[in-house]
Amino acid sequence: MATNQRAVENLRSLRMAAWLGWQIESNWTDPFLFAIYSVIKPIAGALILVFMYMVVAKGGLSNPLFPMIFVGNAFYIYVAMVLMGVSFAVVDDRERYGMLKYMYTAPLNIYFYLLGRGGAKTLIATVSVLITLAFGALLFNLPIDIASIDWLLLVTGLVLGLLSLAFLGIFLGGVALITARHGQFTGEAVAGALYMLCGAVFPIDVLPGLLQAISYILPLTYWIETMRRALLGSGSSQILSQLSNLELVGVLGAFSVGVVILSVLFFRWAEHRAKEKGLIDMQTNY
Amino acid sequence: MSTNLAVSTQNLGRVYRAKKREAGSGKEIVALHGVDLEIHQGELFGLLGPNGAGKTTLIKILTTLLAPTSGEARVAGTDVAKNPWEVRRHINMVSGGESSGYGLLTVEENLWLFSQFYGLDWKTARERIREMLKIVGMEDRAKTKIYHLSTGMRQKMNFARGFITDPEIIFLDEPTLGLDVQTSRVLRDFVKNWVRVRKNKTLLLTTHYMQEADELCDRVAIIDRGKILACDTPSNLKRSLNQSSVFHLKVDSLPQPDSQFQGLKGIQSFAHHQHNGLLELSFIVETENALMPILASIERSKGNLISLEKRQPTLEDVFINLVGRGLSEEP
Ligand SMILES: Nc1ncnc2c1ncn2[C@@H]1O[C@H](COP(=O)(O)OP(=O)(O)OP(=O)(O)O)[C@@H](O)[C@H]1O
Ligand SMILES: [Mg+2]
């Protein structure tokens with residue numbers, strides 16, 4: 001009975017937070033502009049990448065690394081969006097809307113609430129990723145063949161990757177909860193920092209020793225590689241090619257579980273600290 | 001532990017530590033000190049105290065937003081620190097004087113969102129939203145996005161948000177702060193009625209308007225500098241002053257109102273504050289004989305007496321008698 005009530009409350013938190021997140025994301029302008037914006041933004045992003053590659057890389061778009069980089073970047077759209085979507089809800093609710101305290105006095109599950117709030121941005125990111133990939137396949141001859149996509153690998157990898165990202169977002173939400181003022185930058189900053197390290201722009205093989213070691217402990221490294229294998233049939237990294245698909249997903253899964261546990265523990269600690277220091281309804285309007 | 005206590009605290013304390021880099025770094029601010037409180041189910045209970053008394057701090061602890069630094073508090077029979085989740089199922093909270101809400105959502109959507117977090121079915125939610133909007137006089141604003149609303153309107157919406165979930169215990173932190181007289185009256189009537197009509201609903205409100213406390217509350221706790229100084233029904237509190245007389249004087253000015261009346265016989269308590277360019281003096285005296293020396297003293301220091309009034313003791317006078325200054329004076 002008690003656990004049942006809890007489950008109902010959790011589901012409610014997730015559902016209503018997702019609704020709220022969607023309203024906030026989609027309501028800032030009229031639906032037509034919103035749709036245009038959602039399409040133009042990823043295309044612009046892809047074009048910038050293509051031009052950069054044409055200028056910088058040997059052989060331009062026919063360089064064998066180009067499809068790898070393009071796919072890596074396409075999926076990287078998720079990173080900033082999911083991290084921001086989940087963690088920024090803490091900052092936004094507290095600082096901008098003054099509602100975090102009312103959320104905290106309501107019978108809702110804060111983890112489900114934050115995950116729900118990130119839902120809208122995840123959905124928008126999914127559309128962006130699809131547009132980017134379709135754009136690449138049609139205009140730049142990316143070797144993506146619908147018939148040879150490894151769907152099982154794609155879906156499993158995507159779910160595990162998004163799970164890691166969402167809970168990394170929870171971790172950052174915990175940071176925001178206790179560092180009242182600087183919380184808004186953490187999502188973007190972390191996404192920026194990880195960009196170089198997780199093999200999205202170049203294979204981790206070329207990273208110097210220490211940075212390469214860091215890339216090994218990032219779930220994102222395994223996730224992006226999994227996405228490449230699922231779509232293109234092979235990955236970008238010599239080192240990671242020693243792992244079979246199953247092993248790669250296994251490592252990704254293990255890291256995802258680790259991230260979930262670590263993030264929940266950290267958030268609980270942050271929440272406790274915020275209650276001790278009176279930060280839950282903190283307003284830093286200066 | 002009696003089961004019909006809605007709220008109880010034992011030796012509840014809260015200390016804030018000033019942050020590094022802020023003025024008074026490392027200094028401790030005692031916001032609550034040894035608070036023992038028992039609020040019964042069905043009571044409309046008021047917490048009356050001046051700015052900085054610790055009212056908001058107490059509300060935050062009871063609504064699970066802030067951890068106490070000592071003692072314990074129970075709400076709806078549950079320890080707020082040990083099981084906040086359970087407490088949250090029984091309560092709601094409104095704080096006045098602020099303009100929170102999701103700007104991009106309409107009034108109706110903001111309220112609906114919260115009704116859903118508390119698990120109301122759609123039909124009930126819609127009925128309650130309509131009913132509450134009618135009460136706060138915002139029926140015609142249901143479809144307005146709230147970034148178009150004035151601060152006062154947002155506050156009224158917020159007030160409605162507290163009640164649509166029909167909580168067992170509701171906490172109102174200065175609910176009428178900054179609202180116009182007419183609206184304040186409507187909200188006070190509603191609050192009073194809400195507790196009367198629904199048996200077993202408990203309402204705790206904080207205020208620094210002594211009239212609000214007097215008019216609404218079954219019992220009032222007077223709080224100052226983190227301590228509860230007295231706790232009783234408004235009439236009992238005032239009765240404690242019945243042996244004394246309360247005089248209210250207006251004077252154009254006095255050179256040193258603080259020390260002027262020291263040493264005069266028969267003055268039980270005294271407070272003063274500046275209001276509309278005049279100096280207002282409140283005296284609580286043991287017998288009316290004490291009045292003549294006071295008037296003589298004013299005359300000697302060339303103050304012009306504008307008005308003199310003898311009146312029934314108010315809760316403000318009770319406060320003055322307990323603390324030695326008025327509710328609106330800086331400590
Ligand atoms: N976050 C905080 N950090 C440090 N000191 C605080 C904090 N919040 C409140 N205080 C201090 O605690 C004391 C009690 O504050 P509180 O807000 O509870 O008073 P209040 O009775 O609600 O006053 P008001 O009528 O002005 O709302 C004050 O001295 C205040 O300065
Ligand atoms: Mg206050």
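The following exchange concerns chain B of a predicted model and the contacts of chain B with chain A.

Me: How is chain B divided into domains?
Reply: Chain B has domain 1, residues 5-236, and domain 2, residues 243-312.

Me: And what distance separates the centres of the two?
Reply: Taken over C-alpha atoms, the centres of domain 1 and domain 2 of chain B are separated by 37 Å.

Me: Turning to the interface, how many residues are in contact?
Reply: On chain B, 34 residues are in contact with 36 residues of chain A. The two chains bury about 3300 Å² between them, and 63% of that lies on carbon and sulfur atoms.

Me: Which residues of chain B lose the most area there?
Reply: These are B:Trp85, B:Tyr102 and B:Phe117, which together account for 25% of what the chain B side buries.

Me: What is the count of salt bridges between the chains?
Reply: The count is three. One joins the side chains of A:Lys101 and B:Glu98, at 2.8 Å from N to O. Polar contacts across the interface involve 17 residue pairs.

Me: Which element of chain B gives the most to that side?
Reply: Helix H3(B) does, with six residues. By type, the chain B side divides into 16 nonpolar, nine polar and nine charged residues.

Me: Now helix H11 of chain B: which residues are buried?
Reply: In this helix, residues 315-323, the buried ones are B:Leu315, B:Glu316, B:Asp317, B:Val318, B:Phe319 and B:Ile320.

Me: What happens at the start of H11(B), and just after it?
Reply: At the start, a side-chain oxygen of B:Thr314 reaches to within 3.2 Å of the backbone nitrogen of B:Glu316. Just after the helix, B:Gly324 takes a positive phi of about 85 degrees.

Conventions
Residues numbered from 1 in each chain as written. Chains lettered and ligands numbered in written order. Predicted model: local features only at pLDDT ≥ 70, side-chain atom pairs only at ≥ 80, totals over all residues. Heavy atoms only, no water. Domains from an automatic or database assignment. Buried < 20%, exposed > 50% of the residue type's maximum accessible area, 1.4 Å probe, protein only. Helix = DSSP H or I, 4+ residues; strand = E, 2+ residues; numbered from the N terminus. Polar contact = N/O pair within 3.5 Å; in protein donor to acceptor, adjacent residues only side chain to side chain. Contact = heavy atoms within 4.5 Å. Buried area = accessible area lost by both parts, 1.4 Å probe. Salt bridge = Lys/Arg side-chain N within 4 Å of Asp/Glu carboxyl O. Nonpolar A, V, L, I, M, F, W, Y, C, P; charged D, E, K, R; others polar.
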